[in-house]
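Colleague: I'm new to reading protein models. Could you walk me through a few features, one at a time?

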Amino acid sequence: MSISTSLLRLGPTVAAAAALALLPAGPAAADGISVSTTGNTVSVTTGACSQINGHWGTASLLSSGQANFSQGRQVALSGTSAGQSAAWSNVSAGTYTVIVVCSNGSTAGTQSVVVSPASSPSASPTASPSRGVMGGLGGGSKDYGTVTAVAGGALVGTGIVATVLYLRRRTSRPRHL
């Protein structure tokens, strides 16, 4: 019975692991390049290029009206032998094509990307409490004067004395097993 119970508990875990294995791990890669967008920045990564004379290659960002590599916004690849990357900032909304050409003249890949319009943050007023908690230091607390300090000290002192008396009384009783 314990074997079937443990198998029942293991079933959902195995199913979840299988589902996660089928999901893509990041931005979609096509033809040896991976293109992603963050806000109005488009970036491309690849590992297909090798360094020749200190250069990895060039990436070009083509808008919808541009037809070949030389018409796009070109950026030199930077990185290491493990991976190279390029990025374009201030890219307006629209559909673009990214082409990566290695320094040896071979094309590492071509991929289309859609840049979404930037959403403008909207300010929404929130109601602030009229009498909130005044905790903290540096202007967050209010000085109530000497009377308040003396009353607080008396309460703390009374608590300490009561604790001491309770503990003394409890330890002075004989213990019975």
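Colleague: Let's start with a cysteine. Is C49 buried or exposed?

Modeller: Keep in mind that this model is predicted. To call a residue buried, we want its relative accessible area under 20%. C49 comes out at 5%, so C49 is buried.

Colleague: And which residue does C49 form a disulfide with?

Modeller: For a disulfide, we look for two cysteine sulfur atoms within 2.5 Å. Here C49 and C102 fit, with their sulfur atoms 2.0 Å apart. The pair links distant parts of the chain, 53 residues apart: C49 sits in the loop between β3 (41-46) and β4 (57-62), while C102 belongs to strand β8 (residues 94-102). C102 is buried too, with a relative accessible area of 5%. The angle about the S-S bond is -75 degrees, and the link is left-handed.

Colleague: How many disulfides does the count come to?

Modeller: Just one disulfide by that rule.

Colleague: Now for helix α2. Where is I160, and why does it count as exposed?

Modeller: I160 lies in helix α2, which covers residues 146-172. Exposed means over 50% relative accessible area, and I160 counts as exposed because its value is 51%. Together with V156 and V164, I160 makes a nonpolar surface patch of about 270 Å².

Colleague: What does UniProt place at residues 144-167?

Modeller: An unreviewed UniProt entry puts a "transmembrane region" there. In the model, residues 144-167 are 92% helix and 0% strand, and the end C-alpha atoms of that span lie 34 Å apart.

Methods: Residues are numbered from 1 along each chain as its sequence is written. This is a predicted model: local features need pLDDT of at least 70, side-chain atom pairs count only at pLDDT 80 or more; totals for chains, interfaces and linings use all residues. Side-chain values use heavy atoms; hydrogens and water are left out. Patches are made of residues with over 30% relative accessible area and no salt bridge: like charges are joined within 9 Å, nonpolar side chains (Val, Leu, Ile, Met, Phe, Trp, Tyr) within 5 Å. Accessible areas come from the Shrake-Rupley method with a 1.4 Å probe; for residues, only the protein chains shown count as cover. A salt bridge is a side-chain nitrogen of Lys or Arg within 4 Å of a carboxyl oxygen of Asp or Glu. Helices (H or I, at least four residues) and strands (E, at least two) are DSSP runs, numbered from the N terminus. Buried means under 20% relative accessible area, exposed over 50%, partly exposed in between (1.4 Å probe, protein chains only). UniProt positions are given in the numbering used here, feature names are shortened, and annotations may be inferred rather than shown by experiment.
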